[in-house]
Amino acid sequence: MTTGAWLTYARLSLAVLAVLAGSMASPLAAEEPNPPTIEDVRIGFEGHYKINHWTPVELTFQGGSKSLTGQVKLILPDGDGTPSIVSSPRPVQLLAGRRVKVLMYAKFGRSYGELRVIYHANDRNVIDKTIDSNGGPGQIVLPLPLQADERLIVTLGASIGVEDAARLHQQATGRQTAIAHLNDVNELPTEWYGYDGVDWLVVSTGQPELFAAMIETGARRAALGQWVELGGRLLLTVGAQAQAVLAPDAPLANFAPGRLGEPATLRRTTDLESYVGGSRKVRTGQDGELALSIPKLEDVVGKIEVADGNRPLIVRSPRCFGQVVFVAVDLDRRPFIDWEGRGILITRLLGLSEPGTNEIAAQNKPANPFGRQRNGVDLLADLRHGIENFKGVTPISFALVAALILGYIVLIGPGDYFLVKRLLKRMELTWITFPIWVVLVSAGAYALAVYTKGDDLRLNQVDLIDVDVASKSARGTSWFNVFSPQSQAFDLRVEPMEPSGATIAQDERLLAWLGSGEVNMGGGSGSLFAGRYDFSPHLDELIRVPIQVWSTKGFLSRSSYKAAELLTADLQLGPDGVPVGTLHNSLSIPLSDCVLLSGSWAYLLGNLASGDTARLTPGEQRDLKHVLRSPGNWNSAAAGETGVVMSPSSNVTATLQKMMFCKAADFDAAGGASNGDQQYLDLSELLDLDRAIFVGQASKPAAQLTNAGQPLAGPDDQHWTVYRFVFPVQRAKIGRE
C-alpha cells in the first residue's frame, strides 16, 4: 500500500472513530434531539419548610421528544453532611411533550445546602440537575429552611386572621411565624409525614367546593387524619357550610368533635367577646341584629371552651395524641372580618403568645448565625449529646491532643536533630531515624485510640412508646446512636417490639438520620468516608450508611401500630379535679419511677410490678408543675429527697421527661428550653382535655435496630425505655345546660 493510500485510510479511520466517539459521548443527543427537562421544583408549603423534618418536594417535568419510564432520585446532605438518596417508590413515566408532576418527600439537614435531582432511565441519568440557594435569574432556587424554634402554620381556604395572630406572637416573643396559604387540597401531602414540620393546619370551610377532591383522592384525607392522630394539630372553622363538609359522608366529617345536628342561629357574640377579654366588641351593623347560621353539635367529646347556651362555639377535642380545635362560626366572613378581637382569638386557639405575657423577652434570647432568634437550649440537642456518651469510650481532651502534637513536633524536629548530630554524630542517619519516629508515633497514637475507644461496636438507644388506651393506637419514637470501631457501611432497619419482646408485624415506620437539634450551616459532605447512602423506597430502611472508624452517627425511627398489651384503669375525677380510682399494670414487664398526671395534679406511684394495682387516694396527689420540674427520678426528687445525684443515665431520662411535658412544666418560659424539633412528643395539652397520662420506665428496649437483618448490638450497649399511656377520664362538661 502506498504512502498516499495509508494517509487516506488513516483519515477515514479517524473520521469513523470521531463519529463513533461523538455518538457514544452524547447518546441522548443522537437518540433524542429534545430531552426531557425540569420545569419547576416546589419545596414545602409555598417554599416554607423546616430543617431536620420531612417535607413535600413536588417536581414538574417537561417530557422530551420520546416517552421514557425511569426513577426519580433526590440527593441531599443529611445532618452530618453525608449525601443521602431518596428514590421514587414507583417508576415515573415522562410522556413525550407532556408535563408531569411528581410528589416526593425529603429531609433536609443543612440550612445552606443543595438538592440534586436525577431522572434515571435506560441505564443512564437522562436528567441531572443541582439547585441551591444561590440560583440566578430564571433559575430554580432552593429556599432557606426554617429553624427548629420557628413556627410553621399552613392555612387552607380564606384567611381567618392567622396573620394578625402571628404578628401578636412576634411582638410578645420576637419569634417569626411562617404562614403558608393554600387554595387547593391537591397541595396537601399524600403521606402523613409530609406534615412533619407543620405546627398547625388551619382550615376555613367557607368554600366547601375546595374539599370535594378529598373524597375523590382518599390519600390526602387519610394522611391528614393520620397526622392528627399521631400528634398533629388542626384548627377547623365551620359555620354556614357545616352540612356540606361535616355530614357523615362529607370530606371533613371525621374531624367533627360531635354528632352534627340541625343548623342553629347565633344571635349574640358576647361569649366570644368574653373569651378574648370582653373589651373588643363585634360590630353587627346599623340595625344591631345578628343572625348567623352555625352548626349544632351533640354528644360533644372534648373541652367546650365557649358556648352560646347549649350550642358549643369552640371545642378543643383530643384525637389520640393530637387535637382538633373546632370553631362553629365563619371567621372569614362578616361581622368577624372587621372584628378587632379576631387576631387575639386565633392567638389563643393556637396557643401563641400575646404581648404582655410572661414569655422570655426577645432581647434576652441568644441570636443564631442567621440573624434569627433562638429560644434557649433545644432539648433534642441535649438528648443527642446524652446518647453520644458510650460506656468504655473515653473522650480525649483537646489539651491532651494539643500536647501530643507539640511533643510530636519536638520529637521529629529538635529531638531527631540532637540524636543524629550529638549522639550518633552521623547526620545522614536521619533518613532512618525520621521514619522510625513516624512509625513509632503512629503506632502509639493507634494504641492510645484503641485503649480509649476500644474495638467493640456500641449502641445507645432511647425508646418512647405512647399508647392511647381508648383506641389501642400506639406510636413509637426511638433515638439511636451507633459507635463503630471501624469504617463500615450499614444496612439498617428497625423492628418495633411489644413489652413481651414479640416483634410487631403490622406497623408503619420511618427510619432516618437524626438531626442535631442545632443550626446546621454547611452544605456538602462532612465525612472523610467516601460514599453516600440510600433510603429504601418506603423510607423504612437505610442502605449502605457509612460510619467512619471510631465515629458515631445518630438515627431516628418513628412507628405506629395497634398495641396488644395495655394498662387498665378505672379513673374518675373527684373534687377539685383530683383523679381517683385504680390503675393496673397488665403488661408483661415491671415499670419503675411511675407517675400519673391529670389536670394540675400528679400521683407518685413508685414501682409497679407486672400484675400490680395502684390505688389513687385523694390527699396523696402532688402539684403537677412541682413534679415535672424535678426531672430525672420523679419519685425521689419530687418527694423532696436530698442528695439526688444526676448520673449520665438520669440526664438522658431528665431530658426525655422535659420533652414529654415541656409546656405543662413551663420549661419554655421558665428555663429557656425549646422542644422545637419534635413538638409532637409534648402531650401537655391532653392533660386538660379529659385525659390522664401514666408514665413508667422499663428495663427492656421497645425496638430492635438491625444491620443486614442481624441485631445490631455490642457488649456495653445502653438503653432507656419509657412508656406513656393515655386514659380517658370523666370530666364535668363546660358550658352545657
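Let's start with a pair of strands. β28 and strand β29, residues 579-584, pair in the antiparallel sense over six bridges. Take one position along that pair: Asp570 stands opposite Thr582 in β29. Keep in mind that this is a predicted model.

Now widen the view. β28 and β29 belong to an open sheet of three strands, in the order β28-β29-β32. The pairing there is antiparallel. Which strands sit at the edges? The edge strands are β28, residues 568-573, and β32, residues 613-616. Each of these pairs on one side only. From one strand to the next, the twist averages 0°. And a general point about strands: when a strand is regular, its side chains alternate between the two faces of the sheet.

Next, strand β30. Find residues 591-598. Is this strand enclosed or open? Seven of its eight residues are buried, so β30 is largely enclosed by the rest of the structure. Buried here means under 20% relative accessible area.

Who are its partners? One is strand β31, residues 601-608. β30 and β31 pair in the antiparallel sense, over six bridges. Val595 stands opposite Leu604 in β31. The two strands form a hairpin, with two residues between them. Look at Gly599 in that hairpin: it takes a positive phi, near 60°.

Another partner is strand β35, residues 691-698. Again the sense is antiparallel, this time over five bridges. Here Ser598 stands opposite Ala692 in β35.

Now a helix. α5 runs over residues 218-229, which makes twelve residues. How far apart should its ends be? At 1.5 Å a residue, the helix should span 16 Å. The expected span is 1.5 Å times one less than the number of residues. The end C-alpha atoms are 17 Å apart, which agrees.

Which residues of α5 are buried? They are Arg220, Ala223, Leu224, Gly225, Trp227 and Val228. So the list includes a charged residue, Arg220. After the helix comes Gly231, and its phi is positive, near 130°.

On to the empty spaces. Cavities first. How many are there of 30 Å³ or more? The structure holds seven. The largest has about 160 Å³ of space. Its lining is made of 18 residues. Nearest its centre lie Asn52, Lys107, Asp196, Leu556 and Gln678. Two elements give two or more residues to this lining: β24, residues 507-513, and β27, residues 551-562. The largest share, three residues, comes from β27. What is the lining like by class? Nine residues are nonpolar, five are polar and four are charged.

Then the pockets. Let's take the second largest. Its volume is about 730 Å³. It is lined by 31 residues. Val102, Leu103, Met104, Tyr105 and Thr190 lie nearest its centre. Which elements supply at least two residues each? They are β2 (54-62), β4 (83-87), β5 (92-94) and β6 (99-107). β6 gives the most, with five residues. By class, the lining has 16 nonpolar, seven polar and eight charged residues.

To close, three places to find on screen. Look for β30, with seven of its eight residues buried. Look for α5, whose end C-alpha atoms are 17 Å apart. And look for β6, which gives five residues to the lining of the second largest pocket.

How values were computed. Residues are numbered from 1 along each chain as its sequence is written. This is a predicted model: local features need pLDDT of at least 70, side-chain atom pairs count only at pLDDT 80 or more; totals for chains, interfaces and linings use all residues. Side-chain values use heavy atoms; hydrogens and water are left out. On a 1 Å grid over the protein atoms alone, a cavity is a set of points where a 1.4 Å probe fits but cannot get out, and a pocket is an open set with protein on both sides within 12 Å along at least five of seven lines; lining residues have an atom within 4 Å of a point. Grid points are joined across faces, edges and corners, and a volume is the space filled by probe spheres set on the points. Helices (H or I, at least four residues) and strands (E, at least two) are DSSP runs, numbered from the N terminus. Buried means under 20% relative accessible area, exposed over 50%, partly exposed in between (1.4 Å probe, protein chains only). Two strands pair if DSSP finds at least two bridges between them. Axes are lines fitted to C-alpha atoms, for helices over the stretch in contact, and angles run from 0 to 180 degrees between N-to-C directions.
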